[in-house]
Amino acid sequence: MRLFIEAVKGLGVTMKHFFLNMFYHILRFFHLSHKKGETVTTQYPEEKRETFTRVRLRHRLLSRDDGRLRCVACYMCATACPAQCIYIEAEEDPRNPLEKKPKQFIINLGRCAYCGFCVEACPEDALRMDVHVPEISEYKKEDLLYDIDKLTHW
Amino acid sequence: MSNRKRIKITIDGKEIETYEGTLIIKAAEDAGIYIPRLCYHEALKPDGNCRMCFVEIEGLRKPVPSCLTPAKEGMVIRTDTDALKKHRSSILEMILTTHPMDCPICDQAGECALQDYYFQYDLKESRWREKKEKKPKRVHWGKNLIYDAARCIICKRCVRFLDEITGTQELGVFERGIHSYIGLFDGNRIENDYSGNLVDICPVGAITDLDFRFKSRVWFLNRTPSICPFCARGCNIEIHTNTKNPFSSQRVYRIKPRKNLEVNKWWICDEGRYSYEFIDSDRIEYPMARGKKTSWDSVRQEILKIVGKDVRLYVSAWMSNEELTYWMQIAKTFDWKLSLVGKPRGKGDEILKLPDKNPNRKGAEILGIREEIGHEEVAVVFHFLPVSLERHKIKIGIFTNKFEGMDKFDIIIPAAVFAEKEGSWTNFQGKVQNFQKALEPIGEAKSEGEIGEFLANTLGLDLQWEIGKYREEFEKELRKWNG
Ligand code: SF4
Ligand code: SF4
Ligand code: SF4
Ligand code: SF4
Ligand code: FES
């Protein structure tokens with residue numbers, strides 16, 4: 001008997017939320033309210049939820065004024081990375097005064113933990129992470145290996 | 001040495017015994033007390049220009065450089081007082097006023113004396129507000145060296161090395177004070193056979209190695225003690241590897257010497273340092289039949305064809321003591337003939353290089369294996385082609401790297417190179433030296449010991465490859481040979 005009462009109580013909670021959410025959905029549908037805080041499905045991709053500013057997302061490699069990459073291939077990011085997903089191949093930069101530049105710079109975003117350590121570690125401010133663009137999806141696993149080309153174009 | 005007087009001195013409260021006249025820095029190091037230094041190197045005559053190694057001696061008013069002061073009976077020395085620490089910090093601060101501090105792109109970072117001492121003794125912000133002196137950062141000194149004048153601290157180790165060790169004297173100090181730099185004397189380039197050692201003895205990143213330049217950061221490298229295979233001296237080396245990068249097929253990044261006063265002291269020659277490429281490139285990764293890839297099953301079939309025939313094993317002077325002993329055992333059981341093959345003699349010199357370009361000819365000699373030509377029906381050849389193979393009808397090869405004429409072999413079994421297995425070689429002095437496994441064998445390659453076991457098992461012989469057992473057997477032979 002007690003079990004039955006508890007089950008009915010539980011059902012009551014479910015029904016409460018169901019009708020409440022349904023009510024807000026309907027309001028929303030007719031553009032009558034955009035109140036936050038209720039469990040309302042965001043209609044992605046037509047509608048996008050705002051991300052918090054502290055969220056770290058897609059990586060970017062920045063360039064200098066003359067178009068060269070800021071990155072000097074120092075491997076500090078690769079050293080700091082807890083997921084060990086940054087692979088760099090360095091080469092000589094014949095133009096003075098920089099001596100070193102990346103020939104290959106790959107971040108495996110499939111392995112990345114989005115911790116932001118790489119950005120913190122970079123002495124050249126060459127690597128940054130996006131804030132409001134959550135779209136990091138690919139159809140193939142290999143496409144999640146972001147190379148210089150992908151990291152500099154966005 | 002032995003007729004010098006034994007004396008007692010006290011360093012940091014620890015009483016140590018040493019020979020009279022030993023430099024304090026050396027006596028302390030032998031007793032396990034490390035005194036910081038930049039210009040002093042055990043192998044070179046002391047120069048005393050960096051002032052890092054100062055110590056206090058009771059009874060003397062001022063600190064003295066321990067790399068220039070010989071120990072005397074009863075000296076009481078302190079190496080760690082606050083005044084000395086302050087002194088070191090000031091020395092570092094002075095050096096850093098002209099230093100570019102480009103550690104992020106400096107290959108030395110991680111094994112740089114200046115960096116290490118800075119963390120140990122200085123660790124404060126620079127008070128230097130002037131512009132830093134600009135100096136050339138990319139001077140090519142020779143086939144493999146790049147000099148960065150901005151990073152150079154003018155410790156003159158490089159100059160002294162070329163004076164005292166190679167005697168070639170290509171370098172000197174030019175200009176004075178803040179403008180001084182190390183330069184080549186007119187018309188010189190550093191092309192001597194020991195130039196790579198300059199990179200090792202330079203305490204900072206002023207001399208970098210073109211071969212290693214920008215290839216990796218040093219803290220990514222695994223270090224495995226090994227022995228250099230390129231001549232009979234058997235210099236003690238370290239193999240630095242990194243197999244973690246899925247986008248690079250390079251596994252070995254550099255070879256560094258290991259100190260062994262009886263064999264190679266602190267050095268290795270450039271041939272030994274830069275010839276590691278064969279470990280990663282042009283390897284035979286699969287069994288081959290007449291130049292084409294084949295399976296281990298057909299290798300087995302081919303081996304079965306030699307049953308009951310006359311066989312000659314051409315074992316090589318690159319095989320380890322244990323492998324040679326093991327293969328001798330196999331040969332004895334089947335009553336096969338044995339001969340030795342190896343690399344032809346080359347040039348030697350007075351420093352390290354020997355004309356015998358094989359690491360283990362001595363080991364083969366101890367086991368009584370000689371170079372001879374045979375005319376048996378079957379030849380099993382290891383690593384090197386004997387003078388003539390024509391008289392043998394069936395040819396089985398056990399090779400590490402691809403070579404001209406591979407298609408003449410009925411079967412080639414892929415073998416592991418020295419860095420991919422453990423074992424020992426006997427150098428020209430009769431010293432048995434161990435090398436350790438730094439890498440997994442490439443592709444389907446196996447060590448010569450495992451190949452021996454494979455062959456023995458195929459032929460129905462139950463003789464297991466146990467490295468420890470054959471090491472013992474080799475040592476028995478060695479004792480007999482030594483008398
Ligand atoms: S965000 Fe973290 S896990 Fe991702 S690449 Fe940077 S350091 Fe590595
Ligand atoms: S830390 Fe910055 S400069 Fe260094 S390799 Fe990474 S992105 Fe390039
Ligand atoms: S020499 Fe040492 S201190 Fe100077 S840049 Fe290189 S690692 Fe840094
Ligand atoms: S190049 Fe290196 S070894 Fe030579 S003086 Fe400069 S710091 Fe010393
Ligand atoms: S190590 Fe003694 S002065 Fe340089």
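In the predicted model, ligand 4 is surrounded by 14 residues, of which B:C152, B:C155, B:K156, B:C158 and B:C202 come nearest. By class, the shell around ligand 4 holds twelve nonpolar and two charged residues, with no polar ones; cysteine is counted here as nonpolar.

Chain B is assigned three domains: domain 1 spans 6-80, domain 2 combines 99-112 with 121-213, and domain 3 covers 288-482. The C-alpha centres of domain 2 and domain 3 of chain B are separated by 44 Å. Contact between these two domains of chain B involves four residues of domain 2 and four residues of domain 3.

The size of an interface is often expressed as the accessible area lost when the parts come together. For domain 2 and domain 3 of chain B, the area buried between them is about 330 Å², with 59% of it on carbon and sulfur atoms. On the side of domain 2 of chain B, the residues that lose the most area to domain 3 of chain B are B:I165, B:D193 and B:Y194, which together make up 95% of what that side buries.

Polar interactions were also examined across this interface. Four residue pairs are in polar contact between domain 2 and domain 3 of chain B, counting pairs with both residues at pLDDT 80 or more. One salt bridge is found across the interface of these two domains of chain B. The side chains of B:D193 and B:K353 form a salt bridge, with an N to O distance of 3.3 Å. The side of domain 2 of chain B that touches domain 3 of chain B comprises two nonpolar residues, one polar residue and one charged residue.

Technical notes:
Residues numbered from 1 in each chain as written. Chains lettered and ligands numbered in written order. Predicted model: local features only at pLDDT ≥ 70, side-chain atom pairs only at ≥ 80, totals over all residues. Heavy atoms only, no water. Near = heavy atom within 4 Å. Domains from an automatic or database assignment. Contact = heavy atoms within 4.5 Å. Buried area = accessible area lost by both parts, 1.4 Å probe. Salt bridge = Lys/Arg side-chain N within 4 Å of Asp/Glu carboxyl O. Polar contact = N/O pair within 3.5 Å; in protein donor to acceptor, adjacent residues only side chain to side chain.
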